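Got a minute to walk through a chain with me? Have a look at it first, then we'll take it question by question.

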Amino acid sequence: MKSKKLILASSIAMALALPQLGSASIEAQDEQDWLRKQMGTVKSEDQVVAYYVRYNEKTKNSVQSALIANGAKINHHLERVNTYSVTLPANQVSMLNTIAGVEFMEPVPEKELMAQVVPWNIDQFQARDVWDVDRDGNIDPGAPDG
């Protein structure tokens, strides 16, 4: 009886995991390819960095004009928090300190794409306990194969 429950649980887990796993890995690969292409178009001497720039509400227009005039590209305007997300050449970062009305600035944190090797629901339903007891990544001899 216990083995039938484990087989059922593993079958359900695999059925739920396989469609998501395939599309997620394809999407992640597409994003990685896009990022590589973007990074390849930037010359090393023209390194571009991303910053959040918070401004005083009264100086919104003058800060925007100064950013654009100094070679910054405004990517997003976060109105609720009076902040611009900008990209600019690395050698222009010190210019942000000279703009009147800038209250705060910080680099945008870099994110790395990460892949999930084993989908979360495989272990939730203890599916590997059925076919890979020693967790070495290989199906154990004599394990049910569905």
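Q: How much of the chain's accessible surface belongs to carbon and sulfur atoms?
A: This is a predicted model, so the area is computed from predicted coordinates. The accessible surface of the chain comes to about 10,900 Å². Of that, the share belonging to carbon and sulfur atoms is 55%.

Q: What percentage of the chain's residues are buried?
A: To count as buried, a residue has to be under 20% relative accessible area. The chain has 146 residues. The buried ones make up 19%.

Q: In which pattern do the helices and strands follow each other along the sequence?
A: There are 4 helices and 4 strands to place. Read along the sequence, they give α-β-α-β-β-β-α-α.

Q: Where does pLDDT stay under 50?
A: Over the whole chain, the mean pLDDT is 77, and 67% of the residues reach 70 or more. One stretch stays under 50, and the model gives it 2 contacts beyond four places in sequence. That stretch is residues 19–23.

Q: Is Gln 47 buried, partly exposed or exposed?
A: Gln 47 sits in the loop between helix H1 (2–40) and strand S1 (48–55). Buried would need under 20% and exposed over 50%. Gln 47 has 34% relative accessibility, so the label is partly exposed.

Q: How far apart in space are Gln 47 and Ala 90, C-alpha to C-alpha?
A: In sequence, Gln 47 and Ala 90 are 43 residues apart. In space, their C-alpha to C-alpha distance is 5.6 Å.

Technical notes: Residues numbered from 1 in each chain as written. Predicted model: local features only at pLDDT ≥ 70, side-chain atom pairs only at ≥ 80, totals over all residues. Heavy atoms only, no water. Helix = DSSP H or I, 4+ residues; strand = E, 2+ residues; numbered from the N terminus. Buried < 20%, exposed > 50% of the residue type's maximum accessible area, 1.4 Å probe, protein only. Areas by Shrake-Rupley, 256 points an atom, 1.4 Å probe, with all protein chains shown as cover. pLDDT = per-residue confidence, 0-100. Contact = heavy atoms within 4.5 Å.
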